Amino acid sequence: MAGIVQAFSAAGQPARLALAYSGGLDSSVLLHAAAQYAGAHGVQLFAFHIHHGISPNADQWQTHCAEACARLDVVFDTRRIALRNSDKSGVEEAARISRYAALGDLCRQHQIPLLLTGHHLDDQAETVLLQLLRGSGAAGLSGMDRWNTAPTLLGDAVLLMARPLLKVSRAALEQYAAAQQLTFIEDESNHDPRYARNALRQQIMPVLAQYFPGFQERFSRSAGHMQTTQRLLIDLAAQDMAVCADGVCLDLEHVRQLSGERIDNLLRYWFGLHHLRMPSSAWLSEMRQQLLEAKADAQLCVTHPDCHIRRHRNRVFLTPRDDVDRSEIEPQAFRWNGEAEMRFPQFGGVLHFDQAEQGIDAGWLRAQPLQIQYRSGGERLKLALNRPTKSIKYHYQAFDVPPWERERLPLVSSGKQILFAAGIGMDCLQLATGPGPHICLRWQADELPFRQDI
C-alpha cells in the first residue's frame, strides 16, 4: 500500500488512476490493494487488460479479469492486439511493445494520468541479471525505476508509469494472495524456458537463492547505485551538450576537446533526447572514430537503425532516414488562384504565398502556368540586380544548406524561368517594381520523423 501512496503522490494525486491487469499473481495483488486504496480515498480505479491472442486460454483470462473487476467495483476495459515485427524482435519483445502501446492508448481514451504496473522485487533482480548478461552499461543495470515516463513505449510524454510493488518480493505477494484468498491465472508461457526471463526464473534464480539467500534485495540495491551513476552521467552529458551544441547539431571543435569516454556519453545522451535506440559500444566507438578522423571535406553519413548521423562543415547532425527516390518524382504543373498556401504531398511540404512589399506581381502570378519540381542540374538563379547569376548549387553552398537537405528542396518555375528555389529565395528578375499587391514564395518542408519501427 505504501508504494501506491508514493506513486499517487508523485502523480499529483489524480482523481483517477489505472493499472495493467493481466490476471496473474502480481497484477491481482496490485488490483486488490489499489481497489482498497481507491475506495478509501475517493479515487476512480480502472483496470486495463491486454488480450494478445497468443494463448488458447486468452479469452478465459479476459473473462476472469472482467469478473474480478466487477466484484471489486473497478472499471474494466480491454484491448485486443496483433503482434508486429515478431520475426525481427521475437515474440516476447513484440508482445511487450504492443502491450505498452495499447495501455497508453487506453490511458488517453479514459484520461488517466497514472498507470500502475505489478513489477516486483524478483522482476527487478531478473532485469538486472539479464542486462548484466547482455553486457549493458549503467543505464541497463539501473533496472526499473519506481516511476517514470516512457513516451516511446506509451506514446505519451506526460503519462506517468509507476511500479508500487518494486520493493516487494514474489514470496510476499504469494502470502498476500493466500491471506486475501485471491484467485489468479497462470500463463503457461511463463514456464517456457525458450524465453530468456523464464530460463532465469526457473533455472538460475533458484540456484542463486540457494547459495545467496536474499540476493534479490542486493541486486535491487546495486540497481539503485547504478541509477545514481546514470544520473551523474546524464548531468555530465548535459554540461558537455551545453558546450558542444550548435543549434540542432554538435560542433566538432568542441567535441574534440572531450575524452573518448565523454564523447560516447554525450552521443548516448543526444540519442536519448531523440528517443533513439542505444547503439552498442563497438558501434559507437567506430562512429566516433569516423566523425573525428574523416577528411574535412568528406560527406560522412553513418547509418543508425532509426536515423543517419552526418557531418557537414565540422558539425554533426542527426537526420531522419529518408529513402525516397526523388529522381522518379515528375514535375507537377499547377495554377495559383490566390491561396495563402498550397500543399504538395509528393514533394513533402507546403508552398506559402506571402504578401510582401517586394515580390512577384500577384496579377501576373495568377495568369502564369506554374510548375514545381526537383533539381535536374544546371539551374541558375539571380538573387539581386547587383549580383551575378549563379548556379543553384553555388547558392546552396553559400547559404550553408547541407547536401542531404538540398535533395528535398524543390524549385518553382514559369516556363523556363526559375521563380523560386526553396532554401535560397526568389529570382530578382521576376520581382515587380510597381504598386502591389506583391507575393513572395516560401517553402515549408514536412518534418520527417526518426524511424522507430522496433
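**Reading buried faces, spaces and backbone angles**

Mentor: In this predicted model, the buried residues of helix α14 pack against α12, α13, β9 (301-304), β10 and β11.

Trainee: What makes these count as packing contacts of α14?

Mentor: A contact requires heavy atoms within 4.5 Å, and the buried residues of α14 have such partners in α12, α13, β9, β10 and β11.

Trainee: Which residues of α14 are buried?

Mentor: They are Leu284, Met287, Arg288 and Leu291, where buried means under 20% relative accessible area. Seen down the helix axis, the buried residues of α14 fall within an arc of 105°, so they line one face of the helix. Ala282 and Glu293, on the other side of α14, are exposed, and exposed here means over 50%.

Trainee: How do you know that the span of α14 agrees with what is expected of its 13 residues?

Mentor: The expected span is 1.5 Å times one less than the number of residues, and because this gives 18 Å for the 13 residues of α14, while its end C-alpha atoms are 18 Å apart, the two values agree. Helix α5 (residues 91-109) can be treated likewise, since its 19 residues reach 27 Å from the first C-alpha to the last, close to the 27 Å expected. The buried residues of α5 include Ala94, Ile97, Tyr100, Leu103 and Cys107.

Trainee: What lines the largest cavity, and why is such a space called a cavity?

Mentor: A space is called a cavity because a 1.4 Å probe fits there but cannot get out. By this rule the count comes to two cavities of 30 Å³ or more, and the largest cavity holds about 60 Å³ of space. Its lining consists of Leu250, Leu252, Val255, Ile263, Leu266, Leu267, Arg288, Leu291, Leu292 and Val316. The helices α12 (252-255), α13 (260-273) and α14 (281-293) each supply at least two residues of that lining, which divides into nine nonpolar residues, no polar residue and one charged residue. Arg288 and Leu291 belong to this lining, and both also appear among the buried residues of α14.

Trainee: What makes up the lining of the second largest pocket?

Mentor: The second largest pocket has a volume of about 790 Å³. Of the 29 residues that line it, the closest to its centre are Leu318, Thr319, Pro320, Trp404 and Glu405. The elements β10 (307-312), β11 (315-320) and α17 (403-406) each supply at least two lining residues, with β11 giving the largest share, four residues. The lining of this pocket divides into 15 nonpolar, five polar and nine charged residues.

Trainee: Why is Asn198 called buried?

Mentor: The limit for buried is under 20%, and Asn198 counts as buried because its relative accessibility is 4%. Asn198 sits in helix α10 (residues 196-211), and, with neighbours within four places in sequence left aside, its contacts are Ser189, Asn190, His191, Asp192, Pro193 and Gln203.

Trainee: Is His438 buried or exposed, and why?

Mentor: His438 has 5% relative accessibility, and therefore counts as buried. His438 lies in strand β22 (residues 438-445), and its C-alpha atom is separated by 9.5 Å from that of Phe353, although the two residues are 85 residues apart along the chain. Beyond its neighbours within four places in sequence, His438 is in contact with several residues, among them Asp354, Gln358, Ile360 and Ala432.

Trainee: Why does Gln397 count as partly exposed?

Mentor: Partly exposed covers what is neither under 20% nor over 50%, and Gln397 belongs there because its relative accessibility is 35%. Gln397 is part of helix α16 (residues 392-398) and touches Arg313 and Arg406, residues up to four places away in sequence not being counted.

Trainee: What is notable about the phi of Gln181?

Mentor: Most residues other than glycine have a negative phi. Gln181, although not a glycine, has a positive phi of about 55°. Gln181 is in the loop between α9 (170-179) and α10 and, with 70% relative accessibility, counts as exposed. His275, in the loop between α13 and α14, also is not a glycine and has a positive phi of about 55°, but at 41% relative accessibility His275 counts as partly exposed. Just after α5, Gln111 takes a positive phi of about 55°.

Notes
Residues numbered from 1 in each chain as written. Predicted model: local features only at pLDDT ≥ 70, side-chain atom pairs only at ≥ 80, totals over all residues. Heavy atoms only, no water. 1 Å grid on protein atoms, 1.4 Å probe; cavity = no way out; pocket = protein on both sides within 12 Å on 5 of 7 lines; lining within 4 Å. Points joined across faces, edges and corners; volume = space filled by probe spheres on them. Nonpolar A, V, L, I, M, F, W, Y, C, P; charged D, E, K, R; others polar. Buried < 20%, exposed > 50% of the residue type's maximum accessible area, 1.4 Å probe, protein only. Arc of directions from axis to C-beta.
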